[in-house]
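Student: Could you take me through one part of this model up close? I'd like to look at a pocket and the helices around it.

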Amino acid sequence: MKTKNGFHLRNVCGEHVIVAEGIENIDFSKIISMNESAAFLWQKIDGADSFTADDLANYLCEEYEVDADKAKADSEVLVGQWLDAGIIEA
């Protein structure tokens with residue numbers, strides 16, 4: 001998977017938000033807000049050639065005190081949410 005072009009993480013009034021740049025990405029019907037750990041993961045993979053849910057889990061384990069199985073499960077959920085939101089592609 002990889003991030004779609006034109007989506008960037010910004011800090012807006014203290015909130016981590018994905019901002020669409022370019023007319024093809026604009027959809028004002030939803031705002032994509034991220035918590036601190038999701039924003040951390042986005043920063044790790046933004047611009048990467050590819051990533052997997054396992055990569056995200058490894059980043060979580062390196063940065064936070066989290067069990068590997070929990071990190072893997074959370075990463076798989078997050079990937080699904082990002083795919084549904086249209087900000088990454090398989």
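**The second largest pocket and its helices**

Tutor: Sure, and keep in mind that this is a predicted model. The second largest pocket is lined by Asn35, Ser37, Ala38, Leu41, Leu60, Tyr64, Val66, Ala71, Asp74 and Leu78. Its volume comes to about 150 Å³. Sort that lining by class and you get seven nonpolar residues, two polar ones and one charged. Two helices, α1 (36–45) and α3 (68–85), each put at least two residues into the lining.

Now for how the helices pack, beginning with α1 and α2. Their axes come within 10 Å and cross at roughly 120 degrees, so α1 and α2 count as oblique to each other. The crossing is right-handed. On the α1 side, the contact uses Ser37, Phe40, Leu41, Lys44 and Ile45, and these meet Leu56, Tyr59, Leu60 and Glu63 of α2. By class, that contact holds six nonpolar residues, one polar and two charged. Ser37 and Leu41 of α1 and Leu60 of α2 take part in this contact, and Ser37, Leu41 and Leu60 are also among the pocket-lining residues.

Next, swing round to the other face-off, α2 (residues 53–63) against α3. Here the axes lie 8 Å apart and the angle is about 130 degrees, which makes α2 and α3 oblique to each other, therefore neither roughly parallel nor roughly antiparallel. α2 passes α3 in a right-handed crossing. From α2 come Ala53, Asp54, Leu56, Ala57, Leu60 and Cys61, while α3 answers with Ala68, Ala71, Lys72, Ser75, Glu76, Val79 and Trp82. Those residues split into nine nonpolar, one polar and three charged.

Leu60 is a handy residue to keep on screen: it sits in the contact of α2 with α1, in the contact of α2 with α3, and in the pocket lining. Ala71 of α3 likewise meets α2 and lines the pocket.

Note on methods. Residues are numbered from 1 along each chain as its sequence is written. This is a predicted model: local features need pLDDT of at least 70, side-chain atom pairs count only at pLDDT 80 or more; totals for chains, interfaces and linings use all residues. Side-chain values use heavy atoms; hydrogens and water are left out. On a 1 Å grid over the protein atoms alone, a cavity is a set of points where a 1.4 Å probe fits but cannot get out, and a pocket is an open set with protein on both sides within 12 Å along at least five of seven lines; lining residues have an atom within 4 Å of a point. Grid points are joined across faces, edges and corners, and a volume is the space filled by probe spheres set on the points. Helices (H or I, at least four residues) and strands (E, at least two) are DSSP runs, numbered from the N terminus. Ala, Val, Leu, Ile, Met, Phe, Trp, Tyr, Cys and Pro count as nonpolar, Asp, Glu, Lys and Arg as charged, and the others, Gly among them, as polar. Axes are lines fitted to C-alpha atoms, for helices over the stretch in contact, and angles run from 0 to 180 degrees between N-to-C directions. Angles under 35 degrees count as roughly parallel, over 145 as roughly antiparallel, 65 to 115 as roughly perpendicular and the rest as oblique. A crossing is left-handed if the near helix is turned anticlockwise from the far one by less than a right angle, and right-handed if clockwise. Contact means heavy atoms within 4.5 Å.
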